[in-house]
Amino acid sequence: MPSSNSGQITTIERHILDQQHHYPDASGALTNLLYDLALCGKIIASKVIQAGLMDVLGKTGLQNVQGEEVQKLDEFADETIFKLNDHTGRLAVMGSEEHDEIIPIPKKYKTGKYVLLYDPLDGSSNIDVNVSVGSIFAIFKRKSPEGTPGTLEDVLQPGRDLVAAGYIIYGSSTMLVYSTGQGVHGFTLNRMLGEFLLSHPNIRTPEKPKYYSVNQAYEPYWSPGVLRYVRYLQTGEGEPEKLGLSLRYIGSLVADFHRNLLNGGLFCYPADRKDPKKPGGKLRLLYEAAPLAFLAEQAGGAATDGRQRILDIAPASLHQRVPLYIGDKKLCEKAEQYIQKYDGAGA
Ligand code: AHM
Ligand code: MG
């Protein structure tokens, strides 16, 4: 495992502190918040790796607000992130995939200036077959006055206003990847030390894409533009040279995104006609698409819903869904061209 940067070992704590120097007025609250999230990652990782051994697998029998089955590890991850952040005085309000409404800071604690949105355990339906899953986080500055309870308005911000975002991937190793707008940096958890060490400084997504990732089974439900676009990814139609992409699809967003970020490629979850209740596809803007779009752009890639930049979308609701094309910049531009050309201006 690479654990050093030109021979020097950098812990995540040190790295986050160094990043703070880019912001002379920083109070340290964001630094500490990111460090708390790294701790959440370690705690969740310790549970995820024991998933096969402990009685943590299996459904709770409850459904989350999206009508999907909630698994025990989802609950554990959700509670861990909430409980490690509710009392620190750094947050005004939180929002999670697992909660219908915004999550207020308990009255007995002070509120702070940041807003935390998170998907505690994305891809959790894959856990019982040992597939990588991940936690995604997005951090905004609050809009409402400090010292008051946070509001829905604090949460409904476009991704371009993110101050930080990242994910923790629980895979063959546990990694935390984050950005505060100064590049994307990856850390690998050294289990012996219990520390995240800088292993992937300043990640840039490769110039030449290698993979496209989409759930091809939904083809019958795609619009003509999406169909033509995916055909383009397969054949490189109209390109002087073949694109030569291979298909890779895990069905676990963080894992699919992480692979394409490091190896080059495009992940998409287009809008489809499969479920009339989900016309915008499956993925959620605020705690899935926007934070990953922030990382993609910081790494030299892009993210679009097929019509506009993900980071420019002003959310209307906490659990808003959005079509997502993310990764290679040129392939994102192509997605917009195909959808505009074959689906028309507003279809
Ligand atoms: P989840 O938030 O309920 O875990 O669902 C999101 C997951 C993503 O990780 C993944 O990209 C997508 O669902 C896969 O969906 P599908 O099975 O429709 O391809
Ligand atoms: Mg999710």
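## Overall build

Buried residues account for 55% of the 347 residues in the chain. The model is a predicted one. Its chain has 8 helices and 17 strands.

For 347 residues, a compact globule would have a radius of gyration near 20 Å, and the chain, at 20 Å, agrees with that. Taken along the principal axes, the box filled by the C-alpha atoms is roughly 55 × 45 × 45 Å. Of the contacts between residues at least 6 apart in sequence, 64% join residues at least 24 apart.

## Helix 1

Helix 1 covers residues 12-20, and its buried residues are I12, H15, I16, Q19 and Q20. Viewed down the axis of helix 1, these buried residues fall within an arc of 150°, so they line one face of the helix.

The elements that the buried residues of helix 1 pack against are one helix and three strands: helix 2 (29-48), strand 10 (174-179), strand 11 (185-190) and strand 12 (195-200).

## Nonpolar cores

The largest nonpolar core has 64 residues, and the members that touch the most other members are Y167, Y229, I310 and I326. Helix 7 (residues 285-298) gives the most to this core, contributing 10 residues. Both domain 1 (12-200) and domain 2 (211-343) supply the core with at least three residues each.

Y229 can be followed further. Setting aside neighbours within four places in sequence, Y229 is in contact with L266, Y325, L331, C332, K334, A335 and Y338. Apart from the largest core lies another core, of 39 residues. Its members include V48, A51, F82 and I127.

## The magnesium site

Four residues coordinate the magnesium ion (ligand 2): E97 and E288 through OE atoms, and D119 and D122 through OD atoms. The coordination distances run from 2.0 to 2.3 Å. Along the chain, the donors of this ion follow the spacing E-x21-D-x2-D-x165-E.

Within the site, E97 and D122 form a pair that links distant parts of the chain, 25 residues apart. E97 is in the loop between strand 5 (91-96) and strand 6 (103-104), while D122 is in strand 7 (residues 114-122). E97 counts as buried because its relative accessibility is 6%, below the cut-off of 20%. D122 also counts as buried, with a relative accessibility of 8%.

## Two residues with positive phi

Most residues other than glycine have a negative phi. N130 has a positive value, with phi near 65°. N130 is found in the loop between strand 7 and strand 8 (133-141). Its relative accessible area is 73%, so N130 is exposed.

N202 also has a positive phi, near 45°, and is a residue other than glycine. The loop that holds N202 runs between strand 12 and strand 13 (211-213). N202 counts as partly exposed, at 47% relative accessibility.

Conventions: Residues numbered from 1 in each chain as written. Chains lettered and ligands numbered in written order. Predicted model: local features only at pLDDT ≥ 70, side-chain atom pairs only at ≥ 80, totals over all residues. Heavy atoms only, no water. Buried < 20%, exposed > 50% of the residue type's maximum accessible area, 1.4 Å probe, protein only. Helix = DSSP H or I, 4+ residues; strand = E, 2+ residues; numbered from the N terminus. Arc of directions from axis to C-beta. Contact = heavy atoms within 4.5 Å. Core = buried A, V, L, I, M, F, W, Y, C linked by side-chain atoms within 4.5 Å. Domains from an automatic or database assignment. Donors = N, O, S within 2.8 Å, 3.2 Å for Na, K, Ca; no water. Rg over C-alpha atoms; globule rule 2.2 N^0.38 Å.
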